[in-house]
Amino acid sequence: MDTMDQSPPAQPHPGQSKALSQTEIRTIIIGVLLAMFLAALDQTIIATALPTIGRELGDLEHLSWIVTVYLLTSTAVTPLYGKLSDSYGRRSIMLVGIVVFIAGSIACALAPSMFVLILARGLQGIGGGGLIALAQTIIADLVPPKERGRYQVYFASVFMTSSLLGPVLGGFFAEHLHWSVIFWINLPLGLIAFAIAFQSLKKLPRFERPHRLDLLGATLLITATVALLLALSWGGIRFPWSSLPILGLFAGSVALWILFALRMRLAPEPLIPSGVLHNPVVRMGVLAACFGMGTYIGLTIYLPIYFESVRGLSASLSGLALIPLMAGTVIGATLSGRTMARVKHYKRLPTIGLLVAIAATGVLVLYGEALSVTMVEILLGIISIGLGTLLPVTMVTTQNAVAPHQMGTATGTANFFRSLGGAFIVAIFGAIVLSGSGITGAASFEALGEAAARSGVNLADVFSYVFLAAMAGFGLALAFLLALEERPLRGSAAKAADVAIAD
């Protein structure tokens with residue numbers, strides 16, 4: 001039993017204990033998935049329009065900040081959204097997030113300069129950072145853990161759709177219309193999401209409690225995260241890893257994390273309750289997702305470079321070559337989610353899935369250069385399906401292990417560390433590629449193949465080390481999954497508060 005939180009279980013507010021109909025649940029799900037889609041799409045739609053934006057605004061040097069600042073702000077505020085939703089309700093905070101996201105989108109569309117666009121993207125990230133975690137939390141409020149895995153396929157589908165559709169739409173809008181349409185499209189979609197959320201979420205079961213927001217803890221967490229992500233984003237690309245700016249950012253981040261940990265121990269009501277962080281199920285689930293999803297994100301970033309520089313595919317074909325990696329996660333999540341509702345030992349399928357993913361990645365390490373593109377595609381599909389089986393299990397078990405009034409905090413924390421894992425592993429993959437190809441400093445990846453050829457480097461060998469690092473990432477995810485306690489999943493929403501005294 002957790003001695004840190006002995007307060008009685010939270011109960012739904014009066015008048016909201018009546019079970020929702022399937023139509024009401026479906027309407028809520030559509031609204032939150034649309035909000036999630038907005039945030040996920042803006043992570044991918046901007047990439048293909050960047051050259052056009054840089055030319056029209058007359059600033060190519062700072063283009064990377066359009067992507068970086070969104071990553072920084074959206075990741076840093078995720079735990080804050082979770083805490084606020086536990087305090088003031090999912091509906092209110094979801095509506096705030098949508099409004100901030102729309103405001104940021106309008107500011108982006110109207111930006112007259114690169115500096116203003118970067119600031120507007122930061123505002124957009126502050127709004128979008130909470131939409132994904134809040135959507136997952138709202139589904140958790142609606143659906144008991146035993147049935148919740150089935151709904152994880154919707155989340156995987158949203159990310160797959162945004163990953164495939166985003167670059168296509170971004171390029172089309174920039175080439176045939178105007179780059180600002182990338183942001184204007186968020187206005188009608190955001191207003192629809194706001195209208196659905198405003199009306200349908202009134203019927204959402206409510207478990208919030210009044211909380212004091214730890215502003216000092218939130219400030220320390222956000223600044224520590226920003227410093228770490230800046231170091232991971234700039235290291236080896238803008239500055240050498242051993243340079244003073246990168247070392248200073250890492251040192252500053254470590255110091256801030258230490259101060260945050262001290263604040264967690266001393267604050268009367270910390271930003272992330274100790275009962276959540278000390279919960280072994282939450283801890284192992286978050287770490288498994290961190291390395292599993294982090295490795296997946298790293299592969300999605302660097303596989304297009306592999307297909308272009310090693311396999312000789314065009315930019316458009318390399319994007320299409322990612323489809324097996326994207327689609328497989330949906331298949332794996334569907335299988336795992338449906339299995340969770342039927343079996344007692346729900347860890348077995350993702351354990352097998354990760355073992356298969358590790359084996360398939362091992363084939364790429366050993367025989368990657370000799371394999372045909374078709375065979376590489378098949379292996380990526382196998383890897384993706386295996387990894388997909390992990391996704392529902394880590395999120396559902398994390399939510400199953402905490403009380404309803406801590407659901408937002410736990411979900412936000414899980415998403416936060418998953419994003420950090422992605423940034424960390426992307427940095428590792430980048431360091432492997434840059435050091436192996438002999439490119440240092442601010443070199444562009446577009447010239448990777450030519451530079452490697454001039455230096456006599458075989459990029460196929462370089463990417464074999466990337467795949468080896470991916471094997472290690474999947475291996476760590478498997479280790480933490482095996483350490484995850486397999487607690488029975490609650491089969492009824494009415495029992496949702498039992499964990500507050502059972503843990």
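## Overall picture

How much area does the protein chain expose, and what share of it do carbon and sulfur atoms supply? The exposed area is about 20400 Å², and carbon and sulfur atoms supply 69% of it; accessible areas here come from the Shrake-Rupley method with a 1.4 Å probe, and for residues only the protein chains shown count as cover. Please keep in mind that this is a predicted model, in which local features need pLDDT of at least 70 and side-chain atom pairs count only at pLDDT 80 or more, while totals for chains, interfaces and linings use all residues. Residues are numbered from 1 along each chain as its sequence is written, and side-chain values use heavy atoms, with hydrogens and water left out.

The protein chain has 23 helices and 0 strands; both are DSSP runs numbered from the N terminus, with helices being H or I of at least four residues and strands E of at least two. Of its 503 residues, 55% count as buried, where buried means under 20% relative accessible area, exposed over 50%, and partly exposed in between (1.4 Å probe, protein chains only). Take the contacts in the chain between residues at least 6 apart in sequence: 84% of them join residues at least 24 apart. A contact means heavy atoms within 4.5 Å.

## Helices α14 and α19

Let us begin the helix pairs with α14 (residues 280-309) and α19 (residues 390-400), whose axes come within 8 Å and cross at roughly 150°. Axes are lines fitted to C-alpha atoms, for helices over the stretch in contact, and angles run from 0 to 180 degrees between N-to-C directions. The two helices are therefore roughly antiparallel to each other, on a scale where angles under 35 degrees count as roughly parallel, over 145 as roughly antiparallel, 65 to 115 as roughly perpendicular and the rest as oblique. Their crossing is left-handed, that is, the near helix is turned anticlockwise from the far one by less than a right angle (clockwise would be right-handed).

On the α14 side, the contact includes Gly285, Ala288 and Ala289, and on the α19 side it includes Leu390, Leu391 and Thr394. By class, the contact of α14 with α19 has 8 nonpolar, 5 polar and no charged residues; Ala, Val, Leu, Ile, Met, Phe, Trp, Tyr, Cys and Pro count as nonpolar, Asp, Glu, Lys and Arg as charged, and the others, Gly among them, as polar. Thr394 lies in α19 and counts as buried at 6% relative accessibility. Setting aside residues up to four places away in sequence, Thr394 touches Gly285, Ala288 and Ala289.

## Tyr306, also in α14

Helix α14 also holds Tyr306, which is buried with a relative accessible area of 3%. Apart from neighbours within four places in sequence, Tyr306 is in contact with Arg311, Gly368, Val376, Phe463 and Phe467. The C-alpha atoms of Tyr306 and Leu459 are separated by 8.2 Å, although these residues are 153 apart along the chain.

## Helices α17 and α22

Next come α17 (residues 348-367) and α22 (residues 459-483), which pack at an angle of about 165° with their axes 9 Å apart. They are therefore roughly antiparallel to each other, and their crossing is left-handed. Among the residues making the contact are Leu354, Ile358 and Thr361 of α17, together with Phe467, Met471 and Leu478 of α22. The contact residues divide into 16 nonpolar, 5 polar and no charged.

Ile358 is a good residue to click on here: at 15% relative accessibility, it counts as buried. Not counting residues up to four places away in sequence, Ile358 touches Met471, Phe474, Gly475 and Leu478. Ile358 and Gly475 are 117 residues apart in sequence, and 6.9 Å apart in space from C-alpha to C-alpha.

## Helices α11 and α12

The pair α11 (residues 215-234) and α12 (residues 244-266) packs at an angle of about 155°, with axes 8 Å apart. That makes α11 roughly antiparallel to α12, and the crossing is left-handed. The residues of this contact divide into 17 nonpolar, 4 polar and 1 charged.

## Ile132 in α6

Finally, Ile132 is found in helix α6 (residues 114-142) and is buried, with a relative accessible area of 10%. Ile132 touches Met36, Ala39, Ala40, Gln43, Phe159 and Asn415, leaving out residues up to four places away in sequence. Between Ile132 and Phe155, 23 residues apart in sequence, the C-alpha to C-alpha distance is 8.8 Å.
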